[in-house]
Amino acid sequence: MNNIVIVGLQWGDEGKGKIVDYLSENADVVVRFQGGNNAGHTIVVDDEVYKLNLLPSAVLRRGKISVIGNGVALDSHALISEIGSLKVKGMDVNPNNLMVSESCPLILSIHKDKEKLLEDLNVNHKIGTTNKGIGPCYEDKVGRRAIRLCDLENVDELNKKVDTLLNYHNALRRGLSYQVVKKEEMLREIKEVSKKILPYKKPLWRILDDFVKKGKRIIFEGAQGTFLDIDHGTYPFVTSSNTVASQAVIGSGLSSSAYVIGVAKAYTTRVGNGPFPTEQKNEVGNNLSTIGKEVGTVSNRRRRCGWFDAVLVRQAVQLSGVSSIVLTKLDILDSFDTIKVCTGYKYSGEIYDYLPASHSIQEELEPIYEEFPGWKENTQGKRSVKELPLNLMKYMRRVEELVGVPIHLISTSPKREDVIELRDVKFSEGALVS
Ligand code: IMP
């Protein structure tokens, strides 16, 4: 088994980008398999801050291959612009080191229009999306009317597909008294990027199969987090793709097993609306937000903050078959006198040791907390386990017990090098060992 899947165990923004970047030093290929440019990965290399949305984190390392799988909703304009901004910083992204699945559905401006129109109409359950057109693009994919990357090559086929797509979208737009889109406008929008994006188009499933046969080491980079999963998350306050590890197979076409690593923050954050049992709408939440610089990379919105929820993380571990976890941003808790961890919920006289699916129950859950004394010591940038305070070690041990799997790595700052390996998990000769 030469593959690793990395998924977020909360509501996204767990710090997956940095971990993928760290682990990709020993990998050959990094694959994005769901989501799109709604994701935001911040990675600091030699004091330079890189913010990636659509490109896999491997683009920051020379000699690695980056792959965008069929499960990704592809905004080609955004991709070309991201490639351009990396070129300015001296990174050469080209069809030899970036490959995009020919089956990716394309995000077009009609999708962003529809997202806004529907969010405005949605009185009771405003999602607070990133406005990147992700949901409407996936709707068209499932509705079997999406334009896919492979359609850009064949003008006749593209013309027919644009007609079908516009029939649907213009009917909706007319119904909402919104201006219709002319066929020429949509074709112009598509043609603007066609020439630039087509060289990246590949039959990815086949290339990945070949990589596996050649023993290449592949990392699958998840975006968002488990509780934003369309099936397993806090529905309807979720994204429109599956974010759990099994999506790595569907969203890339690679049928192979993998070692799954989950990434969790030492506290919890959420951007956008929806249930959040351990949210702290008080000084604790403000401190976590300020010290942790909790502002969304994509939408610039302030993230909601709260205590670590071990019930959620344990559920995420089970949903994705996670073997070990990475804990990030422990240093943000350095100044706290007391640290709390949620170990269960109370609702209507009952105790829950999992997150029930009903939205109305999720909103009413009362967290049960276990308290820990803080370590009151600076741990930012630490690189050795010997430098870690005893109270922090005790906190981590209890987290391991509660979530049911070991912590193998912690991250102590946004910088690439600031990590501590507690247990060895690395690619080895034909096998992944932990
Ligand atoms: P969408 O993915 O833009 O449709 O947004 C749906 C929900 O997912 C909103 O609450 C967003 O804030 C949230 N979301 C989407 N992508 C991310 C991410 O990368 N990190 C954190 N939240 C996200």
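In this predicted model, K265 stands opposite T328 in strand β13. The two strands concerned are β9, which covers residues 259-265, and β13, which covers residues 324-328. They run parallel and are joined by 5 bridges.

**The sheet**

Strands β9 and β13 belong to an open sheet of 10 strands. The order across this sheet is β7-β6-β5-β2-β8-β1-β9-β13-β17-β18, and the pairing is mixed. At the edges stand β7 (201-202) and β18 (419-421); each has a single partner strand, so one side of each is left without a neighbour in the sheet. In general, the strands of a sheet pair through backbone hydrogen bonds, in either a parallel or an antiparallel manner.

**The domains**

The chain is divided into three parts: domain 1 is made of residues 3-101 + 200-260, domain 2 of residues 109-197, and domain 3 of residues 265-433. Between domain 1 and domain 2, the contact takes 25 residues from the former and 19 residues from the latter. The C-alpha centres of these two domains, domain 1 and domain 2, lie 24 Å apart.

**The ligand and its surroundings**

The ligand is surrounded by 16 residues, of which D13, N38, T130, T239 and R301 come nearest. By class, the shell around the ligand consists of 6 nonpolar, 8 polar and 2 charged residues. Several atom pairs link the protein to the ligand, and the table below lists three of them.

| Residue | Protein atom | Ligand atom | Distance |
|---|---|---|---|
| R301 | polar side-chain atom | oxygen | 3.0 Å |
| Q224 | polar side-chain atom | nitrogen | 3.2 Å |
| G128 | backbone N or O atom | oxygen | 3.5 Å |

How much of the ligand does the protein bury? Taken alone, the ligand exposes 470 Å², and the protein buries 97% of that area.

R301 thus appears twice in this description: R301 is among the residues that come nearest to the ligand, and a polar side-chain atom of R301 lies 3.0 Å from a ligand oxygen atom.

**Two details of the backbone**

Two loops contain backbone features that deserve a separate note. P236 lies in the loop between β8 (218-221) and α8 (247-250). The peptide bond leading from Y235 to P236 is cis, with omega near 5 degrees. D47 lies in another loop, the one between β3 (41-45) and β4 (48-52). Although D47 is not a glycine, D47 has a positive phi of about 65 degrees.

Terms used:
Residues numbered from 1 in each chain as written. Predicted model: local features only at pLDDT ≥ 70, side-chain atom pairs only at ≥ 80, totals over all residues. Heavy atoms only, no water. Near = heavy atom within 4 Å. Polar contact = N/O pair within 3.5 Å; in protein donor to acceptor, adjacent residues only side chain to side chain. Areas by Shrake-Rupley, 256 points an atom, 1.4 Å probe, with all protein chains shown as cover. Nonpolar A, V, L, I, M, F, W, Y, C, P; charged D, E, K, R; others polar. Pairing = 2+ DSSP bridges. Helix = DSSP H or I, 4+ residues; strand = E, 2+ residues; numbered from the N terminus. Domains from an automatic or database assignment. Contact = heavy atoms within 4.5 Å.
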